[in-house]
Amino acid sequence: MTHSHSWWQTGVIYQIYPRSFLDSNGDGIGDLPGITSKLDYLRWLGVDALWLSPIYPSPMADFGYDITDYTNVHPLFGTLKDLDTFLHEAHQRDLKVILDFVPNHTSDEHPWFQQSRESRTNDKRGWYIWRDPADDGGPPNNWQSRFGGSAWTFDQPSGQYYLHLYDVKQPDLNWRNPQVRQAMYTNMRFWLERGVDGFRVDALEVLLKDEQFRDNPLNPAWKPGDPPRRRLIEHYIVDQPGMHDIMQEMRALTETYDQRVLIGELALPVERLMSYYGEQLDEIHLPFNFQFVHLPTWEAHAIRQTVEGYEAALPEGAWPNWVLGNHDMSRIATRVGREQARLTQMLLLTLRGTPICYYGEELGMQNITLAHEEMQDPLAREHPEYSRDPVRSPMQWDGSAHAGFSPAGMKPWLPVATDYQISNVAAEQQDPRSILMLTRALLAVRRSSDALTLGSYQSVEQESATCFVYQRQYVHQCCLVALNFSAQDQVVTLPSQRQGRILLSTHLDREGLIPLSAMHLRGNEGILLEVEA
Ligand code: GLC
């Protein structure tokens, strides 16, 4: 394998939602020692880096995305020492560690905000976004919180409103204030010094807001039933001028350490997303690519178009990445069904660029069903249909009580999926044809193949409308991937006299040579072939 690429380009990233991975101390909530105890599993699986959703002290109004101390660990998850142990043990196993960094807002219980709200003249007043009421005494403008309702909350004692684009307990920091920037960069350095390999940076697209605080325009396409946040077009809060300077600052800071990565959460259309690589590729290493998550139809032609559009839009030298789901979005196995979940693992792990996997995808984990009163997500308060709890259920380790997530007798913070007795790590490790074994095999083939880790991407024309076929090539190594997104058998015909050697079928039941002129695929089957370049 060539060494001209970085680990975050050749590797596969695995997202852990710490509350839900493994509860080592029986309080119903996952923790750092729990994650450390599963590092051998992650190594066995074959991923390269672990991204942990926030582990910092927090009142948990938004499950850790509301931080009171950026340089410590929440006691629920353990101690700073547990974090160091985790980091050390991960590095021992050649696993990189990426922490979640939340720059847009703190908790309202963060000492900065506590000071900021003390008085209009407090030193920290300008660290957050305070505005006078409108002439009628109401909020300063029409901006909406992404969690519903006005983005402004009135603070009686000081007679001003503060801005929160998320929960009322998540006041937005003022990134136009150089002191805020410096303080946040100090927080980043704290972890980089400790050996953390990078950050997934939260909610970046809204970091700066319109300096004139103009009203957002109404969205003419909005209709009742659509998410409330779509009612207005977030014109004056998203992707504002000045963002790229901040991105360059963050990147420059990161570059003073060796081999660290910045992955940016930027909910933007592809063209605007691409600008966050930076004109000189000097901004975010990997702006998250959520194309697959938002695809309205999961069909071969739509998937192909998405891949081609994204590949074409990438700036020269920019490295792609692919995501099927995360802690905010419906699980892929629920969106596409059990059968196609296998196919999507092959897709994710054979496209060009860094795959980012969400915990449990390797098992085919599904969304859970919850009653409204069982929901914990702040987003569910007014709109249970938008609850993210269903995708955050405990990892399914084995067939024992609570799927082995919490010690027997303890109730996990969210219910375990009802299918846990068949769908769990222990059972799937025993079943040579499980989706877990498929994922592991795909990760192993990917790791050993320059064509898959480094090679170019090219779509391959063929007749079957339900199949998506593409080629990955690196010098003389070439792989062909043929995915059948229908439940019916299909024959893929390429104008070639040659044969290909099957490296993997999603059904895990065949290998050997097949003619490229007649590749038979069963319903929902994908095959990965080695072919002559
Ligand atoms: C991001 C996170 C989400 C969180 C929000 C506010 O979108 O992924 O979980 O609620 O930011 O921090």
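This passage describes the ligand site of a predicted model and the annotated domain of its chain. Residues are numbered from 1 along each chain as its sequence is written, and side-chain values use heavy atoms, with hydrogens and water left out. Because the model is predicted, local features need pLDDT of at least 70 and side-chain atom pairs count only at pLDDT 80 or more, while totals for chains, interfaces and linings use all residues.

A good place to begin is the ligand. It is surrounded by 13 residues (each with a heavy atom within 4 Å of it), and the closest are D62, H105, D202, H327 and D328. This shell comprises seven charged, three polar and three nonpolar residues (Asp, Glu, Lys and Arg count as charged; Ala, Val, Leu, Ile, Met, Phe, Trp, Tyr, Cys and Pro as nonpolar; the others, Gly among them, as polar).

Turning to individual atom pairs, a ligand oxygen lies 2.5 Å from a side-chain N or O atom of D62. For D202 the corresponding distance is 2.9 Å, and for E265 it is 2.9 Å. On its own the ligand has 310 Å² of accessible area, of which the protein covers 96% (Shrake-Rupley method, 1.4 Å probe).

As for the wider chain, UniProt lists residues 15-392 in an unreviewed entry as "domain: Glycosyl hydrolase family 13 catalytic" (such annotations may be inferred rather than shown by experiment). Over this range the chain is 26% helix and 11% strand (DSSP runs: H or I of at least four residues, and E of at least two), and the end C-alpha atoms are 12 Å apart.

Methods. A polar contact is a pair of N or O atoms within 3.5 Å; within protein, one must be able to donate a hydrogen and the other to accept it, and residues adjacent in sequence count only if both atoms are side-chain atoms.
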